[in-house]
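Here are my notes on this entry, set out point by point. Please read them with the model open.

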Amino acid sequence: MDQELKKSIDTYFRTRTKGQKGVIQDYILVPEKNHDITLCDNDYLNLVNNEKVLDSQIVDLQLSAGRGVVMSPVFLGYDDPQYTLENNMGAWFGKQCHLAQSGYNANSGLVQAICKSGTHVYADLFLHLSFYDSLAAKGALLHLNRHNDTAQLEANIKKHGPGVILVESLYSTTGTYCPLEEIVRIKKQYNCVLVLDESHSFGTCHSKGYAHMKGLQDDVDFITASLAKAYATRAGVVFSPNTRFVKEHSFTYAFSSGLLRNDIVRIEAMWEVIKAADDRRQTLLTASKLLRSELSTVASLTTLEGQLPSAIVALRVKDEDEMVRLHRFLSKNGILGAPFFPPTTPVGSPIMRLSVHSNISKDDISRVRRVVAEFYGKEDTVRGYAKFNTPVAANLELMTSV
């Protein structure tokens with residue numbers, strides 16, 4: 001092995017993680033196996049094992065006359081199931097649709113298609129890392145803006161000129177929504193291209209995502225999403241004005257294979273369920289607001305009360321040591337969260353993320369609050385269920401496992 005590479009590996013394990021086993025083992029893995037409150041995944045609508053979806057896949061596997069084709073999606077014929085589903089989803093969404101192998105693949109491939117050497121790109125500091133490899137490969141000129149700071153975004157565009165604006169509708173590490181109305185104004189005023197990653201909002205706040213909820217879908221040029229969140233499957237999606245141009249100008253899309261037939265069946269079945277899932281969305285957002293309200297008295301959150309409640313409730317922690325201790329304390333009490341640290345978050349800003357799902361109960365929320373309060377040594381002031389006697393809590397009383 002190259003000595004410089006060996007030195008880098010040795011230094012990483014010696015200095016980055018105290019147990020010298022690597023970040024995963026030292027920071028994330030916990031000895032407990034049974035967690036009755038799981039808040040670490042992205043199955044926001046509790047659909048991963050939905051019977052209708054699974055039955056559709058089982059029937060396809062049993063009755064399918066062929067295995068389908070495994071080839072670049074650029075060459076799929078008009079009668080291919082992926083091509084058909086893309087057309088149907090595009091008509092429903094209001095833009096042309098391309099299904100990619102993952103959310104990472106969707107973001108990386110789109111940047112390859114719309115950027116070239118010297119393109120000015122304006123990205124939020126918390127933008128997902130899936131965009132960056134292709135930005136570097138294309139020689140784009142990257143200008144980072146402080147999180148949700150539209151004044152800095154506008155100042156950078158005034159200084160450097162029009163380009164591509166990259167933002168997320170809902171940021172995965174903070175649970176904050178982007179100020180989309182103001183970003184659209186800037187995009188229009190300075191003749192920029194706007195790309196919106198809707199991975200954590202597609203299907204949750206609205207069946208079609210945040211831009212549609214705001215009525216701004218026609219003002220956003222490109223919308224991407226990972227389908228490994230609310231759709232609980234293995235794929236990504238790109239909605240654009242011209243899918244053929246995007247496909248044929250992206251190495252990522254042209255040189256990746258299309259989706260497997262059974263994955264197409266799953267996406268289509270999941271799409272039908274999600275379109276009719278207003279009850280799950282209401283339950284999810286109600287529970288998220290209540291959990292955020294409960295935790296605000298005992299911990300520091302990354303989002304402020306009063307915002308549109310998202311399914312992501314992120315706790316600020318002092319440093320990585322505190323994050324690990326909180327993670328293990330929650331685990332010992334049967335609660336599994338998701339610790340985030342560099343490169344997922346900026347250096348010195350680790351968080352503990354709790355992802356709410358539509359099957360969480362008010363008892364679960366109360367228990368999470370008590371455990372967090374105990375960890376921080378604060379008196380648990382929850383008065384039975386007195387705090388639940390609010391209009392928000394009244395909705396929560398109606399929650400059912402659907």
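How many salt bridges does a search of the whole structure find? The search finds 14. Keep in mind that this is a predicted model. Several of the pairs are taken up below, after the overall picture.

1. Overall fold. The protein chain has 16 helices and 12 strands. Its radius of gyration is 22 Å, and the globule rule gives 21 Å for 402 residues, so the chain is as compact as a globular protein of that length. Along the principal axes, the C-alpha atoms fill a box of roughly 60 × 55 × 50 Å.

2. Burial and contacts. Of the 402 residues, 55% are buried. Take the contacts with a separation of 6 or more: 71% of them join residues 24 or more positions apart. The chain exposes about 18,400 Å². Carbon and sulfur atoms supply 53% of that area.

3. R261 and D60. These two residues form a salt bridge, with the closest N and O atoms 2.7 Å apart. R261 sits in helix α12 and D60 in helix α3 (residues 51-63), so the pair ties together parts that are 201 residues apart in sequence. The two ends differ in cover. R261 counts as partly exposed, at 33% relative accessibility. D60 counts as buried, at 10%.

4. D263 and R234. Helix α12 also holds D263, while R234 lies in the loop between β7 (222-226) and β8 (236-240). Their salt bridge has its closest N and O atoms 2.9 Å apart. The pair ties together parts that are 29 residues apart in sequence. D263 is buried, with a relative accessible area of 9%. R234 is exposed, at 58% relative accessibility.

5. R281 and D278. This salt bridge stays inside one helix: both residues lie in α13, 3 residues apart, about one turn of the helix. The N to O distance is 2.8 Å. Why does that spacing suit a pair of side chains pointing the same way? An α-helix has 3.6 residues a turn, so residues three or four places apart point the same way. R281 counts as buried, at 4% relative accessibility. D278 is exposed, at 55%.

6. Helix α13 itself. The helix runs over residues 278-295. At 1.5 Å a residue, its 18 residues should span 26 Å, and its end C-alpha atoms are 26 Å apart, which agrees. Is α13 enclosed or open? It is largely enclosed by the rest of the structure, because 13 of its 18 residues are buried.

7. A charged network. E154, E182 and R185 are linked in a network of salt bridges. Check this group as a set of three.

8. F255. This residue lies in the loop between α11 (251-254) and α12 (261-275). At 67% relative accessibility, F255 counts as exposed. Which residue has its C-alpha atom 6.1 Å from that of F255? It is S72, 183 residues away along the chain.

9. A nonpolar surface patch. M1, L5, I9, Y12 and F13 form this patch. Together they have about 470 Å² of accessible area. Y12 is found in helix α1 (residues 3-15). With 34% relative accessibility, Y12 counts as partly exposed.

Definitions and conventions: Residues numbered from 1 in each chain as written. Predicted model: local features only at pLDDT ≥ 70, side-chain atom pairs only at ≥ 80, totals over all residues. Heavy atoms only, no water. Patch = residues over 30% accessible without salt bridge, like charges linked within 9 Å, V, L, I, M, F, W, Y side chains within 5 Å. Areas by Shrake-Rupley, 256 points an atom, 1.4 Å probe, with all protein chains shown as cover. Salt bridge = Lys/Arg side-chain N within 4 Å of Asp/Glu carboxyl O. Helix = DSSP H or I, 4+ residues; strand = E, 2+ residues; numbered from the N terminus. Buried < 20%, exposed > 50% of the residue type's maximum accessible area, 1.4 Å probe, protein only. Rg over C-alpha atoms; globule rule 2.2 N^0.38 Å. Contact = heavy atoms within 4.5 Å. Expected span 1.5 Å × (residues − 1).
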